[in-house]
Amino acid sequence: MSSPDNGERSDRAPNLDYVPKWAGAYRQGRARGAEGGLSKKDEGSSSIRDQLPRRRSLDPEVVHFRQPSPPRRGRFAFSASFVIAAALGTVIGLAITGQFPSILGETPQSSTKTNELASRLGHPKNIEPANSLPTGVVIVPKDQQPANAVPANVASLGGTSEPAPNIRGVTYTEIRFGISAPFTGPARELGQNMKIGIEAAFNVANVNGGVHGRQLRLIAMDDGYEPARTAITMKELYEKHQVFGLLGNVGTPTAVVALPYALDRKMLFFGAFTGAGLLRNDPPDRYVFNYRASYAEETAAVVNYLVKVRQLLPEQIAVFAQQDAYGDAGFAGVQKAVRSLRGGNDTPILRLNYQRNTVDVDEAVAQLQLKRRISIKAVIMVPTYRAAAKFIEKTRDLYPDMIYTSVSFVGSTALADELMLLGPKYATGVIVTQVVPAVEGHSSLVLNYKSALAKYFPGVASDYVSLEGCVDASVLIAALQRNGPQLDTEKLVETLESLHDLDIGLGTPVTFNSSEHQGVHKVWGTQLDASGHYHPIDLQ
């Protein structure tokens, strides 16, 4: 029985003020209560008496009122109240920590919106987390912490808790990627546009819950397109910012420094803005994944176009190239393509050089003007945009019918802007091979990219480099979604190598496997008109 309230007398407490006639019965009832508990009748009578005013007569008249006994509260009622209170407290706690959806079969910020980015950036058809946690497994959240801090526990299937892996660049709230690129100097537009494209895709993903509840963050370091500075930026990204991996690094000569640094530390090196063979070993380096076609494929496509469509002789083709690893890669691609057309026989190809991060093309122009047995009718350029524009400016009047082509790294939009400043005649007819569809097109991929650009970077014009950055990031996001919430580099590599026929609206699927770390091999052809706009052309 429950304890009496302070204002109530206990039916077991004797009244010492007087002894009524029924005192003997009271004492007998108390004895029975000690032996086996009061009967309901006795219990009810005692309680009622206590509630009546005490009478001062020594022989009071006992008056009985028929009233219902107070409700009894037993162990069951107490237990039920405790269970309800505990359940309510659990629900409130889970709601506060953001975990309530987990007990319904979803992880925090889960992929009910997994394909949201896909639908916005080209409708990928194959973005499902292959390794998402089974229903009922809950990741315990915690505040953001340094990559090397002691992690919290993660609930396991067996009901026990095990320490979460300590992964560089990954917390319970974000995944950090780094980019080393030129943000100052003559090639700055390349780095700036690559960064814009990546961040546009990241912003679309983040506003829709991120990737398995984690926000995507890009940390950018300026290397000025100089290898010596790249060594510093890579060290800072790894040691200070502790990034998970590299995304969209710009340039071949800088990759000569950045790539070994990343490989020695088993860092993901994804979607670099270069088509150099350095990043395309056979078999491929485990941690290097490329989205784009190679320079060998771009130059092969344009050599075939010049020879088979424009009917030029291989000897009538020259190469204007940067004098470094970038220029070497492009020139080697042209040599290989010409050798293939010649049945394996080498044909001398004229190479016109200039120094990186300069527009000093006078020596190249002088070489072109030397008297030759066969005149040069086409120049395949492997430059940056300002050097290319300067070379065209100094040779257009000398060779009015010259065919100028360039690989995609040139920065198509920046090149068009430079040429239009000189005048329409300098822009008209210039061909640039691309590794993404035409930005003037109306495919779902391009329209969604432009929508993201307008929302997050208002006033910034669409551009081939930023479109490539956006595609790079979209492919990586698809892999991260498939990977599931338990992320580390080795697992992500395995996820990427199992990514087959991913459709993000390119018009060609993206495919990786353990022997192929280049997702796309397609090359698109574009040509400038007198207004400075690119139009698609068929290279075959």
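**Close-up 1. Helix H8 and the residue Gln-311 that comes just after it.** In this predicted model, Gln-311 takes a positive phi of about 65° just after H8. Helix H8 itself covers residues 295-309, and because its 15 residues should span 21 Å at 1.5 Å a residue, the 20 Å between its end C-alpha atoms agrees with that expectation.

**Close-up 2. The buried residues of H8 and what covers them.** Tyr-295, Glu-298, Thr-299, Ala-301, Val-302, Val-303, Tyr-305, Leu-306 and Val-307 are the buried residues of this helix. The elements that cover them include helix H9 (325-341), together with the strands S8 (317-322), S10, S11 (403-406), S12 (431-434) and S14 (534-537).

**Close-up 3. Thr-384 in the loop between strand S10 and helix H11.** Strand S10 (378-382) comes before this loop and helix H11 (385-395) after it. Thr-384 has a relative accessibility of 7% and therefore counts as buried, the limit being under 20%. Leaving aside neighbours within four places in sequence, Thr-384 is in contact with Leu-190, Tyr-225, Gln-322, Tyr-326, Tyr-354, Phe-409 and Val-410.

**Close-up 4. The packing of helix H5 against helix H15.** The axes of H5 (residues 188-207) and H15 (residues 464-483) are 7 Å apart and form an angle of about 40°, so the two helices are oblique to each other, and their crossing is right-handed. Residues of H5 in this contact include Leu-190, Met-194, Ile-198 and Phe-202, while those of H15 include Val-465, Glu-468, Asp-472 and Ile-477. By class, the contact of H5 with H15 has 11 nonpolar, five polar and two charged residues.

Technical notes:
Residues are numbered from 1 along each chain as its sequence is written. This is a predicted model: local features need pLDDT of at least 70, side-chain atom pairs count only at pLDDT 80 or more; totals for chains, interfaces and linings use all residues. Side-chain values use heavy atoms; hydrogens and water are left out. Helices (H or I, at least four residues) and strands (E, at least two) are DSSP runs, numbered from the N terminus. Buried means under 20% relative accessible area, exposed over 50%, partly exposed in between (1.4 Å probe, protein chains only). Contact means heavy atoms within 4.5 Å. Axes are lines fitted to C-alpha atoms, for helices over the stretch in contact, and angles run from 0 to 180 degrees between N-to-C directions. Angles under 35 degrees count as roughly parallel, over 145 as roughly antiparallel, 65 to 115 as roughly perpendicular and the rest as oblique. A crossing is left-handed if the near helix is turned anticlockwise from the far one by less than a right angle, and right-handed if clockwise. Ala, Val, Leu, Ile, Met, Phe, Trp, Tyr, Cys and Pro count as nonpolar, Asp, Glu, Lys and Arg as charged, and the others, Gly among them, as polar. The expected span of a helix is 1.5 Å times one less than its number of residues.
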